[in-house]
Amino acid sequence: MSDVPKSHPRYLSLTLRDRIVSGVEQGITSIHGLIAHGRGEAYDYLINEATQPFAHKAIRAAAAMLYLAQHPVISVNGNVAALVPKEIIELGQILKAPLEVNIFHTETGREQKIKEHLQKHDATKVLMPSKDTQLNFIDSNRKYVNPEGIFKADVVFVPLEDGDRCEALRKMGKDVVTIDLNPMSRTAKQASITIVDNVVRALPLLSQAIQTLPKDTDSQETVQQYNNEKILKEAVQYIRRSPNV
Ligand code: ATP
Ligand code: MG
């Protein structure tokens, strides 16, 4: 890890870079994950590196949708495992939902390394993709899923998803909740609910929102009234008028 002084104006951003680089060194994160992270950083800059109102609204709806789910499953890739292992495990515990490893580049036993990394952080239930169970509408490695996990899920939570698989999951009738800093990505547009925010900020807020869902909230209504297209438009509007420009 590089020695970044806390006083450095980009301390947090540099710390996150260190986590991703360390993920690559440990064989958890794909080298392609560095590119995805860089793209994320660019968008984070444009939203002022803060959770904006459009993200707060999406978090509220996502909490309701995940709370109502019969069989929620949390899909984990190499960037998420490197950036927020503890937080993703905590969300699984709150929802009583399994984590499932699902990655694009399956080189060098990376799936197993992600599983072990999560277990090191005290994850109890980590499902692995099965070569016998496949999603329809997708050709990449990510079509392989666990029969007790993503295959059976009614709601899949997939931070930093790839557009192809998001579309396949939707075509199979599943709801998808994602966190993606790019409101223009195919994932953002295909998902049922898109939280346009950095996963490191949004994940703790989502866990908190699920735990503090007000008793008198009609979660069904919250989900029905939510309009993802509108939220994405708000995010794009914000970026256009970005205070950082
Ligand atoms: P899509 O396949 O959905 O069209 P893409 O191909 O442009 O998207 P991918 O490489 O598939 O992008 O996925 C990476 C996505 O994750 C990017 O949209 C990027 O902005 C986003 N991202 C990267 N790091 C973070 C982060 N820390 N928090 C939230 N989103 C992130
Ligand atoms: Mg993609």
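Is Thr187 buried or exposed? In this predicted model, Thr187 has a relative accessible area of 2%, and because the word buried is used for values under 20%, Thr187 counts as buried. This residue is found in helix α8, which spans residues 186–190, and its side chain reaches the backbone oxygen of Glu161 at a distance of 3.0 Å. Thr187 also belongs to the residues that come nearest to ligand 1, a group that includes Gly163, Asp180, Asn198 and Val199 as well, and with this the path leads from the helix to the bound molecule.

Where does ligand 1 sit? Its place is in the largest pocket, where 17 residues stand around it. If we sort this shell by class, we find five nonpolar residues, six polar ones and six charged ones. Two helices, α2 (31–46) and α8 (186–190), each supply at least two residues of the shell, and the largest share, three residues, comes from α2.

Let us now follow individual atoms of the ligand. An oxygen atom of ligand 1 lies 2.8 Å from a polar backbone atom of Gly163, so that pair falls within the 3.5 Å used as the limit for a polar contact. For Arg186, it is a polar side-chain atom that lies 3.0 Å from an oxygen atom of ligand 1. With Asn198 the ligand takes part through a nitrogen atom, which is 2.9 Å from an N or O atom in the side chain of that residue. Looking at the ligand as a whole, the protein covers 87% of the 630 Å² of accessible area that ligand 1 has on its own.

Gly163 can also serve as a starting point for a second walk through the model, since helix α7 covers residues 163–171. Arg165 lies in this helix, and its relative accessible area of 0% places it among the buried residues, because that term applies under 20%. Which side chains does the side chain of Arg165 meet in polar contacts? One of them belongs to Asn102, at 3.3 Å, and another belongs to Glu161, at 3.1 Å.

Glu161 therefore deserves a second look, because two separate pairs of atoms within 3.5 Å involve this residue. Its side chain makes the polar contact with the side chain of Arg165 in α7, whereas its backbone oxygen is reached by the side chain of Thr187 in α8, the buried residue with which we began.

Methods. Residues numbered from 1 in each chain as written. Chains lettered and ligands numbered in written order. Predicted model: local features only at pLDDT ≥ 70, side-chain atom pairs only at ≥ 80, totals over all residues. Heavy atoms only, no water. Near = heavy atom within 4 Å. Polar contact = N/O pair within 3.5 Å; in protein donor to acceptor, adjacent residues only side chain to side chain. Areas by Shrake-Rupley, 256 points an atom, 1.4 Å probe, with all protein chains shown as cover. 1 Å grid on protein atoms, 1.4 Å probe; cavity = no way out; pocket = protein on both sides within 12 Å on 5 of 7 lines; lining within 4 Å. Sits in = over half its atoms within 2 Å of the grid points. Helix = DSSP H or I, 4+ residues; strand = E, 2+ residues; numbered from the N terminus. Nonpolar A, V, L, I, M, F, W, Y, C, P; charged D, E, K, R; others polar. Buried < 20%, exposed > 50% of the residue type's maximum accessible area, 1.4 Å probe, protein only.
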